[in-house]
Amino acid sequence: MSIFNPAISLVCAFFYSLLVSFSYFEVYFIIPLIFLLFINKDNLLYIFKKLLFLNLFIFILFLTLLYSSSFEDALNIYIRANAIILFNLSLFFSSKGYDIVRALSILKLPKSLVATTYFTLKMIEFLSTDFVLIKNSLKARGFKANTSLFTYETFGNILGLLFVKAIRKSYALKQTFIYRGFNGEIFLNDDFSLNIKDYYLIVVTFSIILIKVIYELFI
């Protein structure tokens, strides 16, 4: 169960990511991060483990920028990328993605967008489950990945199998919804109730946006 209202989480994630993406990193950008980490203090280890894993990719980006630009610019982008990821991880670390569907529905965005997002997540869930089953099956048969031609053929067969399964399951899902009278709308049992933590999240997120605007206009 999400700590925050999914609609508030999505809106705050969007504006925070937008601000940090297009601004030079400022110290006060960490205020929302401190708030979220405090709220999720019981899950800090899990959040930082995910952040550390994602840093493997961000560090490659850092090295690329370091080669083509200055150290200061590379470091700034590295910190901003980590801030955005940490903010979003803290908000959605316990979500399987369907909170985004709920948020889009609560925000009254087009029904087609809500339905498309729902079906996309559903297919990703199906394929993830199939991939885990195939991986476990290969492990049970003693398969070990290396640089041999057999390994590449195996990975190619897995991709082909997943592709065929995706087509079949999407067709089966489509037929199921047609038989049930699907009219393009996903019905969700959500309301726009807010708790005190939602208000705090709104205040800390939009406060730094306001500070940034004031700083840019008057200082």
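In which helix does Ser 17 lie? Ser 17 lies in helix α1, which spans residues 6-21, where helices (H or I, at least four residues) are DSSP runs numbered from the N terminus. The structure is a predicted model in which local features need pLDDT of at least 70 and side-chain atom pairs count only at pLDDT 80 or more, while totals for chains, interfaces and linings use all residues. Residues are numbered from 1 along each chain as its sequence is written, and side-chain values use heavy atoms, with hydrogens and water left out.

**View A. Surroundings of Ser 17 in helix α1.** Ser 17 counts as buried because its relative accessibility is 16%; buried means under 20% relative accessible area, exposed over 50%, and partly exposed in between, with a 1.4 Å probe and protein chains only. A polar atom of the Ser 17 side chain lies 2.6 Å from the backbone oxygen of Ala 13. Not counting residues up to four places away in sequence, Ser 17 touches Ile 84 and Asn 88, contact being defined as heavy atoms within 4.5 Å.

**View B. Packing of α1 with helix α4.** Helix α4 comprises residues 71-92, and its axis is 9 Å from that of α1, at an angle of about 175°; axes are lines fitted to C-alpha atoms, for helices over the stretch in contact, and angles run from 0 to 180 degrees between N-to-C directions. That angle makes α1 roughly antiparallel to α4, since angles over 145 degrees count as roughly antiparallel, under 35 as roughly parallel, 65 to 115 as roughly perpendicular and the rest as oblique. Among the α1 residues that meet α4 are Ala 13, Tyr 16 and Ser 17, and the α4 residues in this contact include Ile 84, Phe 87 and Asn 88. By class, the contact has ten nonpolar, four polar and one charged residues, with Ala, Val, Leu, Ile, Met, Phe, Trp, Tyr, Cys and Pro counted as nonpolar, Asp, Glu, Lys and Arg as charged, and the others, Gly among them, as polar.

**View C. Packing of α2 with α8.** Helix α2 (residues 30-39) and helix α8 (residues 196-218) pack at an angle of about 160°, their axes being 8 Å apart, which means that α2 is roughly antiparallel to α8. Ile 31, Pro 32, Phe 35, Leu 36 and Ile 39 of α2 meet a set of α8 residues that includes Lys 197, Tyr 200, Leu 201 and Val 204. The residues of this contact divide into nine nonpolar, one polar and one charged.

**View D. Lys 197 in helix α8.** With a relative accessibility of 34%, Lys 197 counts as partly exposed. Its C-alpha atom is separated by 9.9 Å from that of Phe 35, although the two residues are 162 residues apart along the chain. Leaving aside neighbours within four places in sequence, Lys 197 is in contact with Ile 3, Phe 4, Phe 35 and Ile 39.

**View E. Asn 40 in the loop between α2 and α3.** Asn 40 is buried, having a relative accessible area of 1%. Apart from neighbours within four places in sequence, Asn 40 is in contact with Ile 3, Ile 47, Ser 90 and Phe 93.

**View F. Helix α5 (residues 98-106) and its cover.** The buried residues of α5 are Asp 99, Val 101, Arg 102, Ala 103, Leu 104 and Ile 106, and what covers them includes α1 and α6. Just after α5, Lys 108 takes a positive phi of about 60°.

Note on methods:
Helix = DSSP H or I, 4+ residues; strand = E, 2+ residues; numbered from the N terminus. Polar contact = N/O pair within 3.5 Å; in protein donor to acceptor, adjacent residues only side chain to side chain.
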